[in-house]
Structures are given as structure tokens and as C-alpha cells.
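Biologist: Let us go through this model together. Please keep the answers short.

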Amino acid sequence: MNTILLPVDFSDKTPQLFAQAQAQAQAFNSTLYIIHAVLPNEDSSYKDKKEMGQEFGEESSNLNQLAQQARQLGIDTHALLLEGIAAAVILEESRRLKADLIVMGSHGRGTLSSVLLGDVSQEVIRNSPCPVFLVPTRS
């Protein structure tokens with residue numbers, strides 16, 4: 001297993017998911033990609049990553065902090081702040097990076113069917129080109 005993808009939303013469950021992804025990356029000596037999707041800005045389209053990083057400075061900083069923590073454990077880690085709808089971004093990046101595994105949470109809110117998995121998790125599971133490791137994140 002060469003590439004692990006960890007989508008994060010910076011909720012209170014992020015540390016739990018991050019710990020699982022780090023454990024998997026260490027066990028398999030994998031590269032870890034930590035991604036966060038921000039909704040497209042209606043007023044502008046970001047011409048470059050630097051401009052996007054300035055607009056979403058807090059998110060960018062949080063991503064880089066997570067990546068640095070993983071690097072301190074010797075894990076080859078990359079942080080990506082991406083524009084788009086979460087499920088679509090996760091699926092697109094998993095294909096682009098040829099991910100071997102996606103690590104994500106299994107609990108969300110919404111209709112009865114999505115209470116167990118969450119809307120984003122359901123979409124990713126249905127369409128993922130690779131296995132999805134679901135981490136139970138119920139409170």
C-alpha cells in the first residue's frame with residue numbers, strides 16, 4: 001500500500017481519524033495525503049494555490065500542522081487544500097493520486113440512511129476506486 005488519503009473537516013473527530021491514518025501509514029510505510037475541501041467561492045475562481053491559501057489561511061495552517069505532526073513520525077506526508085464539494089474532491093484526488101486506501105469517518109447527520117455513514121461517506125464508498133477504511137466516530 002503506497003498511498004493513503006485522509007480527508008479532514010477539522011471537526012472534533014479529526015484527531016481520531018488522523019491517528020488511524022498515521023497508524024496505517026506507519027504500518028505500510030505509505031505516503032499520506034491529508035486533504036481538506038472548501039466550497040467554491042461564488043465571487044471568484046482561484047487562479048493559483050497561493051491565492052486560495054490566503055483566502056483560507058486557517059484551514060491551510062491546520063492542514064500544514066497535521067502534516068508536520070505526521071512528518072515528525074517519519075511519514076512522507078502532503079497537505080492539500082482543494083476547492084470543491086467534499087465527496088467529489090475526495091473521489092477526484094483518490095483517482096489522481098492512485099490512492100490505495102481512503103481513511104474517513106463513518107458517522108454523519110441527515111436522513112435515516114445517512115445517519116449511520118454520513119452523506120459524504122456514502123458517496124465515497126459508492127464511487128471509490130479503492131478501499132475505504134471507515135473509522136467509527138460516534139460521540
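Biologist: How much of the accessible surface of the chain belongs to carbon and sulfur atoms?
Modeller: This is a predicted model. The accessible surface of the chain comes to about 7800 Å². The share belonging to carbon and sulfur atoms is 50%.

Biologist: What percentage of the residues in the chain are buried?
Modeller: Buried here means under 20% relative accessible area. The chain has 139 residues. The buried share of them is 43%.

Biologist: Which pattern does the chain follow along the sequence?
Modeller: There are six helices and five strands. Read in sequence order, they give β-α-β-α-α-β-α-β-α-α-β.

Biologist: Which helices and strands each supply at least two residues of the largest nonpolar core?
Modeller: That core has 20 residues, and Ile-4, Phe-18 and Val-103 are among those with the most contacts inside it. Two helices and three strands qualify: H1 (14-28), H3 (57-72), S1 (3-7), S2 (31-38) and S4 (101-105).

Biologist: How many residues does the second, separate core have?
Modeller: Leu-5, Ala-87, Val-89 and Val-124 are included in it. Its size is 15 residues.

Biologist: Why are the buried residues of H6 on the same side?
Modeller: H6 spans residues 119-127, and its buried residues are Ser-121, Gln-122 and Val-124. They sit on the same side of H6 because the arc they cover around the axis is only 165°.

Biologist: Among contacts between residues at least 6 apart in sequence, what percentage join residues at least 24 apart?
Modeller: Leu-32 touches residues including Ile-4 and His-78. For the chain, the share joining residues at least 24 apart is 71%.

How values were computed
Residues numbered from 1 in each chain as written. Predicted model: local features only at pLDDT ≥ 70, side-chain atom pairs only at ≥ 80, totals over all residues. Heavy atoms only, no water. Core = buried A, V, L, I, M, F, W, Y, C linked by side-chain atoms within 4.5 Å. Buried < 20%, exposed > 50% of the residue type's maximum accessible area, 1.4 Å probe, protein only. Helix = DSSP H or I, 4+ residues; strand = E, 2+ residues; numbered from the N terminus. Contact = heavy atoms within 4.5 Å. Arc of directions from axis to C-beta. Areas by Shrake-Rupley, 256 points an atom, 1.4 Å probe, with all protein chains shown as cover. Lists of a residue's contacts leave out its neighbours within four places in sequence.
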